[in-house]
Amino acid sequence: MDIIGIIQLFGGVGLFLYGMNMMGAALKKLAGSGMQNILEKLTSSKQKFIGIIKGWGLGVLVTGIIQSSSATTMMLIGFVNAGIMKLVQSIPVVLGANVGSTVTAQILRLGDLGSGNLILKLLKPSSFAPILIATGAAMNLLGKKKKTKDLSELLIGLGILFFGMTTMEKVFEPLKESPEFKKLFTSFSNPFIGIMVGIGLTAVIQSSSAAVGILQSLSVTGGLTYATAVPFLIGQNIGKCFTVILGGLGANKKAKRTAVSYLLFNIISSIVLTVVIYSIYYSVGISGFDKVVNRGNIANVHLLFNLIPSLIILPFTDLIAKLTGVIVRDKDDDEETSEFRVLDDRFLEMPSFALKKSREMVITMFEKVIENYHIANGLIWEYDENAFSELDKNEDFIDKCETVLSHYIIRIDKKKLKTNEVNVVGQLLNSISDIERMGDYAINIAYLARERTENNVVFSDQVREDMRALEGSVDQCLEYTFNSFRDDDVVVASRIEVMTAVIDEQKENVKAGHIERLQNGKCSIEAGVMLLDILNAYDRLGGHAANVAAQTIKRVTDDPNFDEMHGSFKYMPSLYNK
């Protein structure tokens, strides 16, 4: 092979890897967050083994789509780390993921099709690769919809993948007559050397599918036999573990055990396959082991090396889970999982899913605010230190939410989101600070309640009666704001503007009554000052609720002319009809 051939070889490998990456990225876009949602919602069936089969099937399906068992396992590590999925649920998916990673090799076997007629010629990768690229390019240039462009990238990626493989085959084809090249392959038939080459190549390019694809392109030389291919295929099953090992380093112990289960499966199955195959080969021999293989033979061996061990180990997922616990030194009982683990950095590779988990966290944050408002109101009239401690704990969570969520959301790649999802990013970032401020005013009320108790400040029965309606209005305002945010309900969100006006009016009435009692000597100055501070907190709670509601209306209606201060009434047809 001369320098030109080497350059062409590296170019072919580069095209192959780029095409595979482009095709996988396009498939992810077309599926949206569907794959992640499928995995997230994976639950055990009432019949345990049915649940295991279900998880295994999902592993095959998802990996078959994204063509990377490492990527699927990285998703699982993120889900387990976030507490979304249990360890025992993830292991069947890991086993299925290894089987799903063989899909690419089955597609590439199309190169073995004969050339007897026009239809078979068109089905060969060397023929339809240009057709795929041309079709995809035309769709990309002429199409306007995002899905059309995503589909075009899928076709272009698939075409580039096949074009890269064809390029590699053209480089390798002249080597079929080279005695030096045949001698090199003979050395690869040594199991140890073949396994190490498979491990090294797969670890370097970080794709078992690509490594097997390169092996399939080598089959065109006619010098590749089962004796050469088998150890390489065993080695690549180990080499593909490096990415997963690195991905599990920063995870919690349960998630690390998911990574270890992936490693255990591939190492144990590789060792068993090596021992069984070569025990037979060196004792009684294996018929046809020196037979030349083609792309299809390699694809079939690759499938069997992953399918058979996967099915054998599948019933023993509990045993694997216990074994990972021994290695990682983690207890089998479930640990209490931090709520912030759902904002796992691994999910940033799946922007739609990361945005979904962020929104769920904002909803949890809002729930804590409403809970604190109820606690704070109760403390005004009957102070309880235990209740205050619970409120203080919630406030710490709310404050941390603002910091963690803001930092996380701004790192979500907007370029990979749909238009409506980009609007959600804006809504969340604008609403988080208002929700946090609502929490601050709830805690302010609680501190005023503590101060009233410590200083023995007395509120009259008339104050309690005047405040009752106002407390209820603020409570209803917060609930409506929360419901509209959670359900994207424009009509409910539009009512907040009217409710804040009612709150303001009630506040002024309570204030007027207080001034009258103060003038008549029926209220102390200390109680009056404290009451005004509480009224101010109620007023600000309503104001921030209105801001959150306005952001909901602005996003859902996608109205560029929407006036956040005065434009919500037009979205209230139910009020107009009254």
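Here is a walk through this predicted model, from the overall fold down to single residues and ion pairs.

Start with the big picture. The protein has 24 helices and 0 strands. Of its 578 residues, 50% count as buried. Take the contacts between residues at least 6 apart in sequence, and 80% of them join residues at least 24 apart. About 26800 Å² of the protein is exposed, with carbon and sulfur atoms supplying 59% of that.

A good place to zoom in is helix 18, which runs over residues 351-381. From its first C-alpha to its last, helix 18 reaches 46 Å, close to the 45 Å expected for its 31 residues. Most of helix 18 is covered, as 22 of those 31 residues are buried.

Now for the nonpolar interior. The largest nonpolar core has 86 residues, and L405 and Y538 touch the most other members. Helix 18 gives the largest share of this core, 15 residues. Another core, of 43 residues, lies apart from it and includes L108, L155, A210 and V301. As for Y538, its contacts beyond four places in sequence include Y373, N377, I380, M467 and I503.

Helix 18 also carries some charged pairs worth a look. K357 forms a salt bridge with E360, the closest N and O atoms being 2.7 Å apart. These two are 3 residues apart in helix 18, so about one helical turn separates them. K357 is buried because its relative accessible area is 4%, while E360, at 32%, is partly exposed.

R359 reaches further along the chain, forming a salt bridge with D488 whose closest N and O atoms are 3.1 Å apart. D488 sits in the loop between helix 21 and helix 22 and R359 in helix 18, so the pair ties together parts that are 129 residues apart in sequence. R359 counts as buried at 16% relative accessibility, and D488 is partly exposed at 30%.

E385 and R450 make a similar link: their salt bridge has its closest N and O atoms 3.0 Å apart. With E385 in helix 19 and R450 in helix 20, this pair ties together parts that are 65 residues apart in sequence. Both ends are partly exposed, E385 at 38% relative accessibility and R450 at 22%. The count of salt bridges comes to 10, and D504, K507, E508, K511 and D539 are linked in a network of them.

Not every charge has a partner, though. E395, also in helix 19, is buried yet has no salt bridge. Its nearest side chain of opposite charge, R437, is 7.7 Å away. Leaving out residues up to four places away, E395 touches N372, E436, G439, D440 and I443.

Two spots earlier in the chain round off the tour. I199, in helix 11, counts as buried at 16% relative accessibility. The C-alpha atoms of I199 and G239 are separated by 4.0 Å, though these residues are 40 apart along the chain. Contacts of I199 also include G235, Q236, I238 and F242. Helix 13 spans residues 226-239, and 13 of its 14 residues are buried, so the rest of the structure largely encloses helix 13.

G136, in helix 8, is buried with a relative accessible area of 0%. Beyond its neighbours within four places in sequence, G136 is in contact with S152, L155 and I156.

Technical notes: Residues are numbered from 1 along each chain as its sequence is written. This is a predicted model: local features need pLDDT of at least 70, side-chain atom pairs count only at pLDDT 80 or more; totals for chains, interfaces and linings use all residues. Side-chain values use heavy atoms; hydrogens and water are left out. Helices (H or I, at least four residues) and strands (E, at least two) are DSSP runs, numbered from the N terminus. Buried means under 20% relative accessible area, exposed over 50%, partly exposed in between (1.4 Å probe, protein chains only). Contact means heavy atoms within 4.5 Å. Accessible areas come from the Shrake-Rupley method with a 1.4 Å probe; for residues, only the protein chains shown count as cover. The expected span of a helix is 1.5 Å times one less than its number of residues. Lys and Arg count as positive and Asp and Glu as negative; His and the chain ends are not counted. A salt bridge is a side-chain nitrogen of Lys or Arg within 4 Å of a carboxyl oxygen of Asp or Glu. A nonpolar core is a set of buried Ala, Val, Leu, Ile, Met, Phe, Trp, Tyr and Cys residues joined through side-chain atoms within 4.5 Å.
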